[in-house]
Amino acid sequence: LFGALKKGFRPKGAPFYVFLAILFAFFVIFSSRFLATRGEQARIPEKFLHARESAALVSREIVELTGSTNEKIRTVNLLDVQGGEERVQNAIRLVKEAKGTNKQALSQVFKLSEHLRDLAQSLAGVSPISSQRVALEAIAIELSLVSEFITYTKNLNAFLESLERSIARRSTFQEQGAINAALRDVNENTKTINRLNGEFLARIREFDKSL
């Protein structure tokens with residue numbers, strides 16, 4: 001648990017009130033008030049269920065927006081920007097659209113952090129205690145994922161800025177080194193996001209089995 005909390009407190013880029021909400025939930029769960037006996041009846045507050053459903057919906061939207069961004073980037077890669085002005089303008093248009101969907105994904109990430117706050121605030125009503133602790137681990141991991149995704153969207157935007165600039169100047173080959181460096185940062189973020197998402201899903205499965 002403390003390993004997960006160390007990664008989740010405080011994630012870079014996450015709103016400060018979200019950090020406070022998670023910290024408060026941590027204090028409540030491990031206070032003497034909740035050192036109850038084993039064999040408690042499973043209970044999940046309505047607020048917890050609603051926040052979990054909302055977080056899932058926002059997460060799906062983030063995935064769809066990210067997929068749309070990646071598809072636009074793949075299309076740009078297939079264009080021969082040396083093949084004429086029309087192809088150059090199409091490539092620039094696609095890059096601008098990719099920047100737009102990337103920006104939308106970032107805004108959804110902050111919405112996700114708000115749903116995580118609601119999950120944390122409703123943890124006190126979850127029983128048994130073992131389920132509370134697993135849920136807290138999951139939330140801490142998801143906060144780390146939120147932090148990493150914020151970094152990912154910023155690095156992706158830097159990559160798209162470099163790509164758009166190089167296409168407009170017809171200097172893609174000359175600036176390939178800078179473009180590749182920005183893309184490497186994005187790929188590293190993606191690997192971390194995938195790893196954290198796997199850990200989060202594992203905790204959620206554990207939580208569901210614990211009830």
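Here is a walk through this structure, from its overall layout to a few individual residues.

The model is a predicted one, so please read everything below in that light. Its secondary structure consists of six helices and zero strands, and following the sequence gives the pattern α-α-α-α-α-α. Of the 211 residues in the protein, 45% are buried. Among contacts with a separation of 6 or more, 83% join residues that are 24 or more positions apart.

A good place to start is helix α5, which covers residues 129–168. With 40 residues at 1.5 Å a residue, α5 should span 58 Å, and its end C-alpha atoms are indeed 58 Å apart, so expectation and model agree. Helix α5 is mostly covered, with 31 of its 40 residues buried.

The two sides of this helix in the sequence each hold a backbone detail to look at. Before it, Pro128 sits in the loop between α4 and α5, and a cis peptide bond with an omega of about 5 degrees joins Ser127 to Pro128. After α5 comes Arg170, which has a positive phi, near 60 degrees. As background, most residues other than glycine have a negative phi, and most peptide bonds are trans.

Now let's turn to the interior. The largest nonpolar core contains 46 residues, and Phe159 and Ile167 are those with the most contacts inside it. Helices α3 (46–78), α4 (85–121), α5 and α6 (176–210) each supply at least two residues of this core. Its largest share, 17 residues, comes from α5. This can be set beside a general tendency: in soluble globular proteins, nonpolar side chains tend to be buried together.

Which residues does Phe159 touch? Not counting residues up to four places away in sequence, they are Ile73, Ile179, Ala182, Leu183 and Val186.

Next, consider how α5 and α6 meet. Their axes are 8 Å apart, and the helices pack at an angle of about 160 degrees. Because angles over 145 degrees count as roughly antiparallel, α5 and α6 are roughly antiparallel to each other. The crossing in which α5 passes α6 is left-handed.

Phe200 offers a closer view from α6, the helix in which it is placed. With a relative accessible area of 16%, Phe200 falls under the 20% cut-off and is therefore buried. Leaving aside neighbours within four places in sequence, Phe200 is in contact with Ala138, Ile141 and Glu142. The C-alpha atoms of Phe200 and Ser144 are separated by 9.9 Å, although these residues are 56 residues apart along the chain.

Helix α3 gives another check on helix length. Its 33 residues, at 1.5 Å a residue, should span 48 Å, and its end C-alpha atoms are 48 Å apart, which agrees. The buried residues of α3 include Phe48, Val58, Ile62, Leu65, Thr69, Lys72 and Ile73. What covers the buried residues of α3 includes α4, α5 and α6.

From α4, our last stop is Gln108, which has its place in that helix. Is Gln108 buried or exposed? Its relative accessible area is 8%, so Gln108 is buried. Apart from neighbours within four places in sequence, Gln108 is in contact with Val58, Glu61, Ile62 and Leu65. Of these, Val58, Ile62 and Leu65 are listed among the buried residues of α3.

Technical notes: Residues numbered from 1 in each chain as written. Predicted model: local features only at pLDDT ≥ 70, side-chain atom pairs only at ≥ 80, totals over all residues. Heavy atoms only, no water. Helix = DSSP H or I, 4+ residues; strand = E, 2+ residues; numbered from the N terminus. Expected span 1.5 Å × (residues − 1). Buried < 20%, exposed > 50% of the residue type's maximum accessible area, 1.4 Å probe, protein only. Core = buried A, V, L, I, M, F, W, Y, C linked by side-chain atoms within 4.5 Å. Contact = heavy atoms within 4.5 Å. Axes fitted to C-alpha atoms, helices over the stretch in contact; angles between N-to-C directions. Parallel < 35°, antiparallel > 145°, perpendicular 65-115°, else oblique. Left-handed = near helix turned anticlockwise from the far one by under 90°.
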